[in-house]
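Reader: Hey, got a minute to walk me through a model? I'd like the ring contacts and a bit of sheet.

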Amino acid sequence: MSDQRWHDVCALEELVEGAGVGALVGGRQVALFQVHGRVYALDNFDPASRANVLSRGLTGNLQGERVVASPIYKHHYVLTSGRCVEDPTFNVTAYSTRVADGRVQVQVPQTLRRTRLVVAGNGMAGMRTVEELLKLGVADRFSITVFGAEPRGNYNRILLSPVLAGESQADDIMLHRPGWYTKRGIKLHAGDAIVAIDRKRRQVTSRKGVVAEYDRLLIATGSDPIMLPLPGRELPGVLTFRDLDDVHRMLEASDNGRRAVVIGGGLLGLEAAHGLSLRGMHVTVVHLLDTLMERQLDAPAGALLRAALEKRGIEFRMRARTQQILGSINSMEGRVTGVRFDSGEELPADLVVMAVGVRPNIELAKKAYLACDRGILVDDCLQTYDPAIYAVGECVQHRRQTFGLVAPLWEQARICAQHVAEIGVSRFSGAINATQLKVSGIEVFSAGDFSESPTRESLVLSDKRRGVYKRVVIEGNRICGAVLFGDTSEAARLKELIADGTDIGPIRDQLLFDAPAAA
């Protein structure tokens, strides 16, 4: 029995003489051409340019053979055989065609070589993309290999704080255990990150020397915590708060020490402070500015957050610049003993946590000479400047914007999976700067631009007794920003109004109250 199958593609009249069209046939992109009444079919993928572009090429005669010229590097492919005239190593597959009842049919093998997808990074964004790919029902078309730096499966980094606080165990936040990969035929190299990409040979090399070839490469290397270049930062007891290993080290330190200093009053810093406080440590948060979470909150909301956390026993040093991390030299290894500010004041500490932000991890991409700025540059399909390489997550930069929140990363994953599967029509258009989260159990929300301006006005509701603060910033009768603290029930509605640019004139008096009550 033949393993070939005829696929109905289109009406013959849809093919224009001398021009090509692309079609998805049996799970493969095929370029169709009608030349002098005959229909030809080749792989749409041009090995020379590594892009699906042959359907856009021009047809003609070369050395007595009918050919199509790639629109990028101008290699010529013989329509009857797929042979590349200039370089036989770039030959493509030619498929049999026929016309039946005015319909074009193409014969392709029932079993084709699987597309080799290699994923650099076993984090949330990369594995969400793999999940979305599997949902599309194209798993049988791909051979997937995942390399991850950490010696475990994929877990939810957002839930590291409950693990630190003792509210959850590490096993509770696992998203994909090793068995999940095995069950789906995915090869996982845990604890073995990719360290080099050979774009010409289309292969990657891992830290342990594993070499894997790819047809498509997905870079999802995430971001790295920023370690301030302070004297003493190498001392034992100086940690970041980014992964499970950091949490385990912080838990060990909390068992052996009493005082902790957290440098950074952003979300991660406050979550670390809250968790260590619940572990029984005396915690002081050191922040350079006078407003906590200044990117997400305005000054009044930041003050309410500070007051709420102070009631829980956390102390704050605002507008304080750390000059040096102090350490003991009484032992061979040494140990952190405190921090010194530029004012000369010193603060004792058995543990110092740096939580001053993250930066996209673009080292691997830069070594491969992919275009990078602050992040790996991608287009609306999440494709890099190399058509065979995609990137998602905190490592990417799209239209001058980088990303650290879950919602845009999930959208990136969905769209990227479609295009890797070659069935995508969606485009990633960026994301509204919106944050909804719980800071140590306190609900906060912010969206858009809530900075002050002479052309803007603010609607404010403040109830200090209930710990509720709401501010909506209006410009030109449209909401440009909002901050909610303590009660975020209106978050979804406000975000939608900002995204749509809705004229809020008719509902202006209801903006600070939930919709049912206002009605």
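Author: Here is a short run through the aromatic contacts, then one sheet.
Author: This is a predicted model, where local features need pLDDT of at least 70, side-chain atom pairs count only at pLDDT 80 or more, and totals for chains, interfaces and linings use all residues. Residues are numbered from 1 along each chain as its sequence is written, and side-chain values use heavy atoms, with hydrogens and water left out.

Reader: How many aromatic pairs does the structure hold?
Author: Two (rings of Phe, Tyr and Trp, its six-membered ring, pair if their centres lie within 6.5 Å; planes under 30 degrees apart are stacked, over 60 edge-to-face, the rest tilted). Trp180 and Tyr181 meet edge-to-face, at 5.3 Å centre to centre with 85° between the planes. Phe403 and Phe428 are also edge-to-face, at 5.5 Å and 70°.

Reader: Where do Phe403 and Phe428 sit in the chain?
Author: Phe403 is in the loop between E34 and helix H8 (406-420), and Phe428 is in the loop between H8 and strand E35 (434-439). They are 25 residues apart. Helices (H or I, at least four residues) and strands (E, at least two) are DSSP runs, numbered from the N terminus.

Reader: Buried or exposed, Phe403 and Phe428?
Author: Both are buried (under 20% relative accessible area; exposed is over 50%, partly exposed in between, with a 1.4 Å probe and protein chains only).

Reader: Switching topic: what order do the strands of the open sheet take?
Author: E31-E33-E34, with mixed pairing; two strands pair if DSSP finds at least two bridges between them. E31 (376-377) and E34 (401-402) each have a single partner strand, so one side of each is left without a neighbour in the sheet.
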